[in-house]
Amino acid sequence: MAMVDATEVDHLAAERAAAQFDVEEMKVAWAGSRHAVEIADRMARLVASDPVFRKDTRTMLSRKDLFKDTLRKAAHAWKRIVELRLTEEEANLLRLYVDQPGYVDLHWGMFVPAIKGQGTEEQQQKWLPLAYKFQIIGCYAQTELGHGSNVQGLETTAMFDPKTDEFVIHSPTLTSSKWWPGGLGKASTHAVVYARLITEGKDYGIHGFIVQLRSLEDHSPLPGVTLGDIGGKFGSGAYNSMDNGVLRFDHVRIPRDQMLMRLSQVTREGKYVHSNVPKQLLYGTMVFVRQSIVADASKALSRAVCIAVRYSAIRKQFGAQVGGPETQVLNYKTQQSRLFPLLASAYAFRFVGDWLKWLYTDVTQKLEAKDFSTLQEVHACTAGLKAVTTSATSDAIEECRKLCGGHGYLNSSGLPELFTVYVPACTYEGDNVVLLLQVAKILMKTVSQLTSGKPPVGTMAYMGNAQHLMQCRCAVSTGFFERSPDVVEAAVAHIQLLLLLMCTYGVRFIEKLQQDIPGHGVKEQLQNLCNVYALYLLHKHLGDFLVTGCITPKQGALASEQLGKLYAQVRPNAVALVDAFNYTDHYLGSALGRYDGNVYPALYEEAWKDPLNETVVPEGYHEYLRPLLKQQLKLSRL
């Protein structure tokens, strides 16, 4: 294998020296606290220093080898968690930095929360200790071959047999096969299976059941259970490490008490009865899952932006004079106009993710107190933010790949795998288009109730003043951010009227700026990013603002002009702003996004790791190339 000398020089030192703020303090603003920075740094370095967690050849592995590698990493991670007696927060971060999708994601992210949210206290006492110790491995079997978003259309049945006090789980059609659940294909021993509950001849709709799938002795499927992996997925490496599965039941019997019974139950005699626990409590689990998805969007987007910013600062092309020094790609206005709004979005998504964590805590407390007044707003926010953040992040990762030119297309850039592993988020936990339609329905309902005397609350409170806002016109003539912060909030209010969800980020940005942010220059940089974000949205959706008359064409042109000035203020701080994400080279997994900027030796070295370079003369030369070159092929008659 050819090797090159890789110096220890920090090729981005000059960029970092030009920063106009304290990077360490920005890390605190990004992470939320110094404690969070310290824990994240410790867990990231723990993973990066462990050879078991190596991932630089992952995209070159066969599917079987990749899955085995995933099992090995998951087992080793659990071993380290137990040995080091890590807290739940530390364990979650360690699994994050391992950065390889696998069955543990669904075990902790869906199986355990489902039992906690839908199981009785007795069921939780029985099943959760087993799950917490990995004595069983669980998945979440809801989606079927024929039904995804339409949960009420699921076909799997759970028929109660009062003679034996059991439910009979059955897949009556091919399309009733469970399809896609992560961890189901090869790893899980148990699943929370969603099926149509039928008792006394009546269909009571979809309910959850804990079903054992595989033997705890030899991992073989239990009688009546047919299951396996659904096959390879988009991209190399990426989500192919996950064993998404197919599952069919042939009259599989389970005890009656394995129905999740917190909200309803079936008696020994077969009577269906509701418990005194409100069904609205299920919203708590939904909010938890969706706030996790929004947080993941921030992580994925910030990784892509970090790679693109660092590489753009290293890459040089063309110059002002022929034969003169070439220009850093990051200095080109076109590069800035495409990249800096994504940088601002990464920060915005991070802050709105924090807000959703607060929302989850708030709604959980209210649900426990049987206060359901905010459920409609919570549903609108979580559904909408999931849809908008995942769509925007998927598009942004692809844009970052393009911003890195041809090298961005290499697996060693880290961007192709990052895109393919992230893009399923646009579909799972609710198709984005379907979710946005649900949000639109809620907004229309809120508008129709404005005359009822019941004012909208929370993030939709501005709609109570909709008539006034529709009559408002922007009076800006010289600059959008030259007066008080009220101007920013007014601008956000206008955007909210048309783009409720996107502007929730703007509001969170403003809340962050109103906090006491220590550190030299931190608040100023966040203010710049907030302004970039707000004006970028205005610029991107300029047609909506012009059609409604909120702004004039001249003001639209002014917004575009001011964006250019804001980009110039972000430029000297761009590298330091992505440094504040505090990602190790291992977690980024990119030759282009290296902290030291030593891009070209890294690219060169990565190329020689490809299995195709294991031999100088390729396999197949003697069979195909040599006969062709020696004119020894038998030519067909034309």
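In the predicted model described here, Glu-429 is partly exposed, with a relative accessibility of 31%, a value that falls between the 20% under which a residue counts as buried and the 50% over which a residue counts as exposed. Glu-429 is the residue that UniProt lists, in an unreviewed entry, under "active site". Its place in the chain is the loop between helix 11 (415-422) and helix 12 (432-448). When residues up to four places away in sequence are not counted, Glu-429 touches Met-110, Val-289, Arg-290, Ile-293, Lys-386 and Leu-435. Among these partners, Met-110 has a number that falls within helix 6 (103-118), while Val-289, Arg-290 and Ile-293 have numbers that fall within helix 8 (residues 282-314).

A second annotation in the unreviewed UniProt entry, "binding site", covers Thr-143 and Gly-182. Although these two positions are spread over 40 residues of sequence, they cluster in space, with a largest C-alpha distance of 10.6 Å. Both are found in loops, Thr-143 in the one between strand 1 (138-141) and strand 2 (157-161), and Gly-182 in the one between strand 4 (178-179) and strand 5 (190-199). Their accessibility is not alike, since Thr-143 is partly exposed, at a relative accessible area of 27%, whereas Gly-182 is buried, at 7%. With neighbours within four places in sequence left aside, Thr-143 is in contact with Gly-148, Ser-177, Lys-178, Trp-179 and Pro-181. On the same basis, the contacts of Gly-182 are Leu-106, Cys-139, Met-242, Asp-243 and Asn-244.

The unreviewed UniProt entry also lists residues 22-137 as "domain: Acyl-coenzyme A oxidase N-terminal". This span is 72% helix and 0% strand, and its end C-alpha atoms lie 45 Å apart.

A search of the whole structure for enclosed space finds three cavities of 30 Å³ or more, and the largest of them has a volume of about 140 Å³. The lining of this largest cavity consists of 14 residues, of which Ala-74, Ala-77, Arg-95, Val-98 and Val-104 lie nearest its centre. The elements that give two or more residues to that lining are helix 4 (63-83), helix 5 (88-98) and helix 6 (103-118). Helix 4 gives the most, with six residues. When the lining of the largest cavity is sorted by class, eight residues are nonpolar, three are polar and three are charged.

Turning to the packing of nonpolar side chains, the largest nonpolar core holds 85 residues, and Met-26, Leu-343, Tyr-347 and Phe-581 are the ones that touch the most other members. Helix 8 (residues 282-314) supplies the largest share of this core, with 12 residues. Apart from it lies another core, of 24 residues, whose members include Cys-139, Phe-160, Leu-197 and Phe-209. Cys-139, a member of this other core, is also one of the residues in contact with Gly-182 of the annotated binding site.

Two residues are notable for their backbone geometry. Most residues other than glycine have a negative phi. His-219, by contrast, has a positive phi, near 70 degrees, and its place is in the loop between strand 6 (202-212) and strand 7 (225-229). Asn-582 likewise has a positive phi, of about 65 degrees, although it is not a glycine, and this residue is found in the loop between helix 19 (574-579) and helix 20 (585-588). His-219 counts as partly exposed, with a relative accessibility of 33%, while Asn-582, at 18%, counts as buried because its value is under the 20% cut-off.

A further loop position, Gly-464, lies between helix 12 (432-448) and helix 13 (466-471). At 54% relative accessibility, Gly-464 counts as exposed, since exposed residues are those over 50%. Not counting residues up to four places away in sequence, Gly-464 touches Leu-450 and Pro-456. The C-alpha atoms of Gly-464 and Leu-84 are separated by 53 Å, and the two residues are 380 places apart along the chain.

Note on methods
Residues numbered from 1 in each chain as written. Predicted model: local features only at pLDDT ≥ 70, side-chain atom pairs only at ≥ 80, totals over all residues. Heavy atoms only, no water. 1 Å grid on protein atoms, 1.4 Å probe; cavity = no way out; pocket = protein on both sides within 12 Å on 5 of 7 lines; lining within 4 Å. Points joined across faces, edges and corners; volume = space filled by probe spheres on them. Helix = DSSP H or I, 4+ residues; strand = E, 2+ residues; numbered from the N terminus. Nonpolar A, V, L, I, M, F, W, Y, C, P; charged D, E, K, R; others polar. UniProt positions renumbered as here; feature names shortened; annotations may be inferred. Buried < 20%, exposed > 50% of the residue type's maximum accessible area, 1.4 Å probe, protein only. Contact = heavy atoms within 4.5 Å. Core = buried A, V, L, I, M, F, W, Y, C linked by side-chain atoms within 4.5 Å.
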